[in-house]
Every structure is written in structure tokens, then in C-alpha cells.
Amino acid sequence: MKTYPHIGLVIIRLALGLLFFSHGFFKFSDGIENTVAFFETIGLSGFLAYVVGTIELTGGVLMILGLGTRVVSVLFSIILIGALLTVKRSTGMLGGYELDIALLAMSFALTIGGGGPYSLWEFLKKKGWTFEITNQKVETRD
């Protein structure tokens, strides 16, 4: 049987991106003030609600497109670990934090595997765009 591991990355990337985009969209469309108030009730800064919502919303879109997959998945992992340690810890596994564990595993997989060849990132690289940050020395002649 022929396998298609890159299609697996696409499926994970699309599912993770859609879920995080939905969470971020809900935070802002329902009124970010509700999320700010919730963050404050659990002892976190209300400003953090804006940070998390923005990462979820824009990160979700970037993940779906396959742009900056590794960076976005690390940010998603940080959000998920924070949620597990602050809110979900007391809810128990079933009906509590099992979705967060699955999303964290998906984020780790994409951190390791990247967006794969079927991503906008790879398409742009094939078209000649460069994404490498290099330290270049400026040499002068005397």
C-alpha cells in the first residue's frame, strides 16, 4: 500500500488551523471583554486575552495557508500548555483536557514536521522567495 505522509501534515495543519481560528474568532466576535474578564478571574492579566486571541485568530489563518507553520505551532503549544496548567488541570481527562492534549500533540507534530510540501511556504520557496535570516558581514577595503 502506498503511503502519503505529506497529506497527513496537511490534514493536521488544516484541522489545527481551523480549530484555533474558530477559537480566536469567537473570542473577538463574542466580545473580547468577556475573555479579558475570564482571564482576570483566574489571576492572569486581561491584556493576555488580546495576545491569545490574536495568536489564535491570525495563527489559525497562517496555519491553514501553511505559512510559518513551525513558529505558529510553537505559539499554539505555549497557549495550550498555559491552558492546561491554569484552567484545564482541575477538569480531569475525559470531558476536560483531552482535546487540549490532542491539539498539543498536533502542534508538536507540526513543530517537528513543518508545513510539508503542500503549503504556501513551500510554494513561495519554489518560486524563488527566500526566507532565511543570515548574518552578513560588511567587508570594507582599505
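What follows is a walk through the overall fold, two pockets and one buried serine of a predicted model.

Start with the fold. The chain is built from six helices, with zero strands, so reading along the sequence gives the pattern α-α-α-α-α-α. The radius of gyration comes out at 18 Å, well over the 14 Å that the globule rule gives for 142 residues, so the chain is more spread out than a compact globule. Along the principal axes, the C-alpha atoms fill a box of roughly 60 × 60 × 25 Å.

Burial and contacts fill in the picture. Of the 142 residues, 31% count as buried. Among contacts with a separation of 6 or more, 67% link residues that sit 24 or more positions apart. As for the outside, the accessible surface adds up to about 9600 Å², and carbon and sulfur atoms own 67% of that.

Next come the pockets. The largest pocket holds about 680 Å³ of space. It is lined by 30 residues, and those closest to its centre are Lys27, Val52, Glu56, Ile79 and Ala83. Several helices pitch in here: helix 1 (5-29), helix 2 (32-41), helix 3 (47-65), helix 4 (69-86) and helix 5 (93-113) each bring at least two residues to the lining. Helix 4 gives the largest share, with seven residues. By residue type, the lining splits into 19 nonpolar, six polar and five charged.

The second largest pocket has about 160 Å³ of space. Its lining includes a run of glycines, Gly113, Gly114, Gly115 and Gly116, along with Gly66 and Gly68. The rest of the lining is made up of Thr69, Arg70, Val71, Ser119, Trp121 and Glu122. Helix 4 and helix 6 (120-126) each supply at least two of the lining residues, and helix 4 again has the largest share, this time three residues. Sorted by type, this lining has two nonpolar, eight polar and two charged residues.

Helix 4 is also home to serine 77. This residue counts as buried because its relative accessibility is 4%, and the cut-off for buried is under 20%. Leaving aside residues up to four places away in sequence, serine 77 touches Leu104, Ser107 and Phe108.

Taken together, helix 4 turns up again and again: it provides the largest share of the lining in the largest pocket, does likewise in the second largest pocket, and carries serine 77.

Terms used. Residues are numbered from 1 along each chain as its sequence is written. This is a predicted model: local features need pLDDT of at least 70, side-chain atom pairs count only at pLDDT 80 or more; totals for chains, interfaces and linings use all residues. Side-chain values use heavy atoms; hydrogens and water are left out. On a 1 Å grid over the protein atoms alone, a cavity is a set of points where a 1.4 Å probe fits but cannot get out, and a pocket is an open set with protein on both sides within 12 Å along at least five of seven lines; lining residues have an atom within 4 Å of a point. Grid points are joined across faces, edges and corners, and a volume is the space filled by probe spheres set on the points. Helices (H or I, at least four residues) and strands (E, at least two) are DSSP runs, numbered from the N terminus. Ala, Val, Leu, Ile, Met, Phe, Trp, Tyr, Cys and Pro count as nonpolar, Asp, Glu, Lys and Arg as charged, and the others, Gly among them, as polar. Buried means under 20% relative accessible area, exposed over 50%, partly exposed in between (1.4 Å probe, protein chains only). Contact means heavy atoms within 4.5 Å. The radius of gyration is taken over C-alpha atoms; the globule rule is 2.2 Å times the number of residues to the power 0.38. Accessible areas come from the Shrake-Rupley method with a 1.4 Å probe; for residues, only the protein chains shown count as cover.
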